[in-house]
Amino acid sequence: KKSIFFELPFKKKEFDFVIAIGAVYSLNLVDAIKCLKEIKRVGNGKSFITLGSYETESDYRLFRYWTLLGSTILSKKEWIQVLRHTKYTGDYKFNTARSLNLIEKKN
């Protein structure tokens, strides 16, 4: 069965700009890697993605509680390794508990 995330029905370098807000980290890691490679394939070198990330265990926990679809939440360092592995060259932003203004309630 084909996935809309990593088997897009478009030619190589068909788009001038590819944007994926929240799509990449909604996948498991294997599929996220396929998705990043597909973004690179169909794009003409310019793209923007968001990645679910954390800096501390508390950030990780808050992000996990917040996200409905996030499957692959990695540290920034781990995401950079994935981006290098896939040879992704576009722009990206890390969505973190801090960037989303998520706070932990204190009792």
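**Entry 1: terms and first look**

I start by fixing a term: a residue is exposed when its relative accessible area is over 50% and buried when that area is under 20%. With that in hand I looked at helix 3, whose face turned away from the buried side carries the exposed residues K77, R84 and H85. I note here that I am reading a predicted model.

For orientation I then went through the whole chain, which has three helices and four strands, and I found that the elements run β-α-β-α-β-α-β from the N terminus on. I noted that 41% of the 107 residues count as buried, and that the C-alpha atoms fill a box of roughly 55 × 30 × 20 Å along the principal axes. I also looked up how far apart in sequence the contacting residues are, and among contacts with a separation of 6 or more, 75% come from residues 24 or more positions apart.

**Entry 2: helix 3**

I went back to helix 3, residues 76-86, and listed its buried residues, which are W79, V82, L83 and T86. Seen down the helix axis these buried residues fall within an arc of 100 degrees, and so they line one face of helix 3. I asked myself what covers the buried residues of helix 3. The cover includes helix 1, strand 2, strand 3 and strand 4.

Just after helix 3, I noted that K87 takes a positive phi of about 65 degrees. Further on, in the loop between helix 3 and strand 4, I came to T89, which counts as exposed because its relative accessibility is 58%. Apart from residues up to four places away in sequence, T89 touches K40 and G45. I also looked up T89 against I103, and these two are 14 residues apart in sequence, while their C-alpha atoms are 32 Å apart in space.

**Entry 3: strand 2 and its partners**

Next I turned to strand 2, residues 47-54, and wanted to know why it is largely enclosed by the rest of the structure. The reason is that seven of its eight residues are buried.

I then worked through the strands paired with strand 2, one after another. Strand 1, residues 18-20, is joined to strand 2 by three bridges, and the two run parallel; in this pairing V18 has S47 of strand 2 as its bridge partner. I also noted that strand 1, helix 1 (residues 29-42) and strand 2 make a right-handed β-α-β unit. Strand 4 is joined to strand 2 by five bridges, again with the strands parallel, and there T50 has K93 of strand 4 as its bridge partner. Strand 3, residues 74-75, pairs with strand 2 over two bridges in the parallel sense, and S53 stands opposite L74 in this pairing. Between strand 2 and strand 3 the chain crosses through helix 2, and this β-α-β crossover is right-handed.

**Entry 4: S53**

I stayed with S53, which is found in strand 2, and asked whether it is buried or exposed. S53 has a relative accessible area of 0%, and as the cut-off for buried is under 20%, it counts as buried. Leaving out neighbours within four places in sequence, I found S53 in contact with ten residues that I could look up by name, including F63, I73, W79 and F94. I also noted that a polar atom of the S53 side chain lies 3.1 Å from the backbone nitrogen of K76.

**Entry 5: helix 2**

For helix 2, residues 57-66, I listed D59, L62 and F63 as the buried residues. These cover an arc of only 100 degrees around the axis, which puts them on the same side of helix 2. On the other side of helix 2 I found E57 and Y65 exposed. The buried residues of helix 2 pack against strand 2 and strand 4.

**Entry 6: the core**

Last, I looked up the largest nonpolar core, which has 23 residues, and those with the most contacts inside it are V24, L36, I39, I49, L51 and W79. The elements that give two or more residues to this core are strand 1, helix 1, strand 2 and helix 3, and helix 1 supplies the largest share, six residues. I followed L51 in particular, and beyond its neighbours within four places in sequence L51 is in contact with residues including V24, Y25, W79 and L83.

Methods
Residues numbered from 1 in each chain as written. Predicted model: local features only at pLDDT ≥ 70, side-chain atom pairs only at ≥ 80, totals over all residues. Heavy atoms only, no water. Buried < 20%, exposed > 50% of the residue type's maximum accessible area, 1.4 Å probe, protein only. Arc of directions from axis to C-beta. Contact = heavy atoms within 4.5 Å. Polar contact = N/O pair within 3.5 Å; in protein donor to acceptor, adjacent residues only side chain to side chain. Pairing = 2+ DSSP bridges. Right-handed = clockwise from strand over helix to strand, strands pointing away. Core = buried A, V, L, I, M, F, W, Y, C linked by side-chain atoms within 4.5 Å.
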